Amino acid sequence: MQWIELLRPIGDIESLRSARTYMQRYVAVPEAVWSGWIDDEKRQPGALHDPETVIYIRNLFDELVGECLSVTAWQSYLDFVRHVEHEGQEAEIRSAAESAFGTSEYLPSVLQRAVEATEFDYRQSQTIWLQYKEYLEQSIDQCNDNDNDDKRRALVDLLQSVFLERLGQTHAELELTFSMYSQFITKYMNASYEQHMVHANGIVSGTRQLCRKRDESEASLDRSHYSWSSFSAYIDMLKRDKQTPRKEILVLYERAIVHNRYSAEVWDEYITYAARCASEADLATSCQSSGLSVALRATRCCPWSGKIWGQLVYTTFQQHGYDAAAAVYGQAVSTHAVTYSMAEFSQVAIALIDITRLKCISQTQSQCESKQTQELFEVCETCLSTAYTFSLETADPMLHLERYSTSIVVGIIRNVEAARKMWLDICSSRKVCAEAWVLFAQFEETHGSVDDARSVYRRASQRRLDNIERVFSTWVAFEHIHGNMETMWSAEEVINTQRRVEWRRVEKMTGGTTVDVVIQSDAVGQVTEPAASRADNMDGSEGKVDKSDTLGYVKSAKRRRLGDDDGDGDDNINSEGGARSGLDKKVIFISGLPLSCTEADIKTFLGSPETVRQIEMLTNKDGQFRGQAKATLGSMEAVIAALDKSGQKINDSFVSVHVFKQHGHSQKAKGEATVKVSGFSAETGNKKLEEIAKEFGAAVVRVRRNQSGDVAFVSVRTQRDAYKAADVMNGSVVDGKTLSARVDRDDVGSRVPSGKRQTGEKAAKEAAGLTKVEAAETAAQKPSVGTSGGGSAMLVPRKAASKKQQPSKRLHLGQKTAGDSGGGKDGGSETARKQTDRTNDDFRRLFMGEGAE
């Protein structure tokens, strides 16, 4: 395109023609580019006087209306023909035009073609039809002499038939057409007006009902901005009506292509329907919508789609035979149109194998002979070997090519050993694909023996696959059909052992220390826990057992990470007041994603869609995608496979994959506690929060923030320090903002029995070794932190803070303050008791600033 734009100002017409022809051969040329091409040709000196130039321009218009079947394209074609007609008064120009179009009546010829091509465009077809009607009316008016009476009568009859045909077609201006027909009858057939109008009214009444349905669909197109889903619903509605002309559906597909030119899904459906209609010769010639012509256009618009190339292989084979179809396959591979993806290449390869099968069967009319079967087998092997030269990241998760090739080898060639070798090579090449091993085992179950299938399952269970649970569940179902008690127990033992191996490997990858509780099976459907495991279960939690099948095998054993306060909701069950344990191992965090990335891209990157339960696209405060996502996977094997993909690309961007960890709940050393702080200003940094906590003796380990940055987590060494830091920071004024701080609920809940919140915190403080006097002293020392002129942090006593920095009035129920300590031990206790006994009415008055008695 850029080269063409550089050549246009120079005026080198030969170079322009060469560049445009080359571009039109391989890619879809937009209508605007066609128009520019034709305009450059028409501006050439003496273009209309040269028959060859006129023929060249006419051919360009024919290609334009064939590539872009739209009313605007036909209108530009008609404008050119009218221009030639107007300039045709010169003998030389008229001679060139008649030579180019092959007839002296070239204007009505092009008008008829335009009407036939666009007559079912519901909204815009009236534009072309009116021009044809006006041309016929002008021709009738020119026949005033008596010598032309027969010609005039013939033209009147032709125009009447054109009107009646138009009244039977659905179009938006139906009522206007009916009104014009009434005027036509009044002018030329007034004597039999009533008879003609009664007949026309019967036609229009049926057309009106059809137009109402189409009006609703057209309104839906407007509301959806011409989306493919609305076009698809429109097309389905027309297909359900058996009276709908096929040309109308084809024209509607063309309208959908205008708005969805680069959608392989639209082209695929269009090719399929056009191929079915290709048997009707009039459709293939008038609408230029045969399956082959549509497929050729589709490959120029979507050259990356293997499905579209496969459709071109099929349609070429149907019309031109095997050799031409095989050449299409060679073109798709040689031009690297589909070699970027194994899944896309598989679609073309399946089409090649299919036409080879059809060729073999057609030659023998029954089963293939040895020569034909050898050719078919070689095609299958060649396609498979070519497919596995591409990246496995682009492989087809459903293995369509592999399934089809092996079924051909078994069902038609009848060579089970060759198919078995194919499956061995496939499993070896696909490496971590669990589906390949399952299909191999099912192949052995059907064409081999039960022992061979069981051997495949055993080998697959010992490999690192992307969905090992798929292998396990299929193996269990297999044993239910073909096994006995001994084989079922053996399979259960192997499955449980491999699950433990995988869990240990995952724990090692995530850096956690695990304590395994082995749950054994006493009988089918009965699961018990050994005494040694129950002795280790001191915190009250129990192993979680999934009895989803009658074997009762263990889906997940109990895991406990020592010193980790973050738990996995799926694999750990906490007792009341017990600590949450274990990392959420089924949730991963992906960063470095391109901003154009979608959930579908992430699912494709992670592998089989069945392994992905949920994807959350993380956004910033403005709601814009920030290049990070959180994915919940269905199994630990899927997590392992996802972690192995860290450092690979999604849409040319390298991504990083990690196990997801909630901020503020990262792994802590034994005894650590966390204070959750919120309400601070955007200018308040982590260092300032750390200085406040350290000011009153808290041994701060680190300060972190959540992903949005509005909550900070201050980790300290002990629970005692946590309550000190929380009491100091809660209600303090920092940078003009009042902080809210409390000990994290997970830390409180791990050491305090469930109950009332106030009582639990009080007991937790006593358990942490913080006496009532120390708590009161800490509360009295709450600071206000401002910034001096130089911007440095400055601790100011709460009472000395400016009025503007004073926090809102707060009610500390049940907490002894420094102002109440003057009454001695008994007085202090009495004051604390009175504060505790305050009612809701007291709280209301204090909050409203009215004071309390």
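This section describes the salt bridges, aromatic contacts, second largest pocket and unusual backbone angles of a predicted model.

Across the whole structure, 28 salt bridges were found. One of them pairs Asp62 with Arg58, with 3.9 Å between the closest N and O atoms. Both residues belong to helix H4 (residues 51–67), where a spacing of four residues places them about one turn of the helix apart. Asp62 has a relative accessible area of 23%, so the residue is classed as partly exposed rather than buried, the limit for burial being under 20%.

Other salt bridges connect separate helices. Arg297 and Glu254 form such a contact, their closest N and O atoms lying 2.8 Å apart. This pair links distant parts of the chain, since Arg297 is located in helix H16 (residues 291–301) and Glu254 in helix H13 (residues 246–259), 43 residues apart. Both Arg297 and Glu254 are buried. A further salt bridge joins the side chains of Arg470 and Glu435, with an N to O distance of 3.0 Å. Here, too, distant parts of the chain are linked: Arg470 lies in helix H25 (residues 468–482) and Glu435 in helix H23 (residues 434–447), with their positions 35 residues apart in the numbering. The two partners fall into separate accessibility classes, because Arg470, at 29% relative accessibility, is partly exposed, while Glu435, with a relative accessible area of 16%, is buried. In addition to these pairs, a network of salt bridges links Arg123, Glu218, Asp222 and Arg255.

Aromatic side chains provide a second set of contacts, with 21 aromatic pairs in the structure. One aromatic cluster is formed by Trp129, Phe163, Tyr181, Phe184 and Tyr188. Rings are also approached by charged groups. The charged end of Lys359 is positioned over the ring of Tyr322, at 4.3 Å from the ring centre. In the case of Lys630, the charged end sits over the ring of Phe660, and the corresponding distance is 4.7 Å.

The second largest pocket encloses about 1400 Å³ of space. Its lining comprises 47 residues, of which Leu392, Glu393, Thr604, Gly607 and Lys645 lie nearest the centre. Elements giving two or more residues to this lining are helix H19 (342–364), H23, H25, helix H26 (485–510), helix H28 (599–606), helix H29 (636–644) and strand S6 (649–650). Helix H28 gives the most, with five residues. By class, the lining of the second largest pocket contains 21 charged, 17 nonpolar and nine polar residues. Helices H23 and H25, which contribute to the lining, are also the elements that hold Glu435 and Arg470, respectively.

Backbone geometry was examined at two positions. Most residues other than glycine have a negative phi. His225, although not a glycine, has a positive phi of about 60°. This residue occupies the loop between helix H11 (193–223) and helix H12 (228–240). With a relative accessible area of 68%, His225 is exposed, because the class begins over 50%. Leu399 likewise is not a glycine and has a positive phi, of about 55°. Leu399 is found in the loop between helix H20 (370–387) and helix H21 (400–411). In contrast to the exposed His225, Leu399 is buried, with a relative accessible area of 0%.

Technical notes
Residues are numbered from 1 along each chain as its sequence is written. This is a predicted model: local features need pLDDT of at least 70, side-chain atom pairs count only at pLDDT 80 or more; totals for chains, interfaces and linings use all residues. Side-chain values use heavy atoms; hydrogens and water are left out. A salt bridge is a side-chain nitrogen of Lys or Arg within 4 Å of a carboxyl oxygen of Asp or Glu. Buried means under 20% relative accessible area, exposed over 50%, partly exposed in between (1.4 Å probe, protein chains only). Rings of Phe, Tyr and Trp (its six-membered ring) pair if their centres lie within 6.5 Å; planes under 30 degrees apart count as stacked, over 60 as edge-to-face and the rest as tilted. A charge sits over a ring if NZ of Lys or CZ of Arg is within 6 Å of the ring centre and within 35 degrees of the ring normal. On a 1 Å grid over the protein atoms alone, a cavity is a set of points where a 1.4 Å probe fits but cannot get out, and a pocket is an open set with protein on both sides within 12 Å along at least five of seven lines; lining residues have an atom within 4 Å of a point. Grid points are joined across faces, edges and corners, and a volume is the space filled by probe spheres set on the points. Ala, Val, Leu, Ile, Met, Phe, Trp, Tyr, Cys and Pro count as nonpolar, Asp, Glu, Lys and Arg as charged, and the others, Gly among them, as polar.
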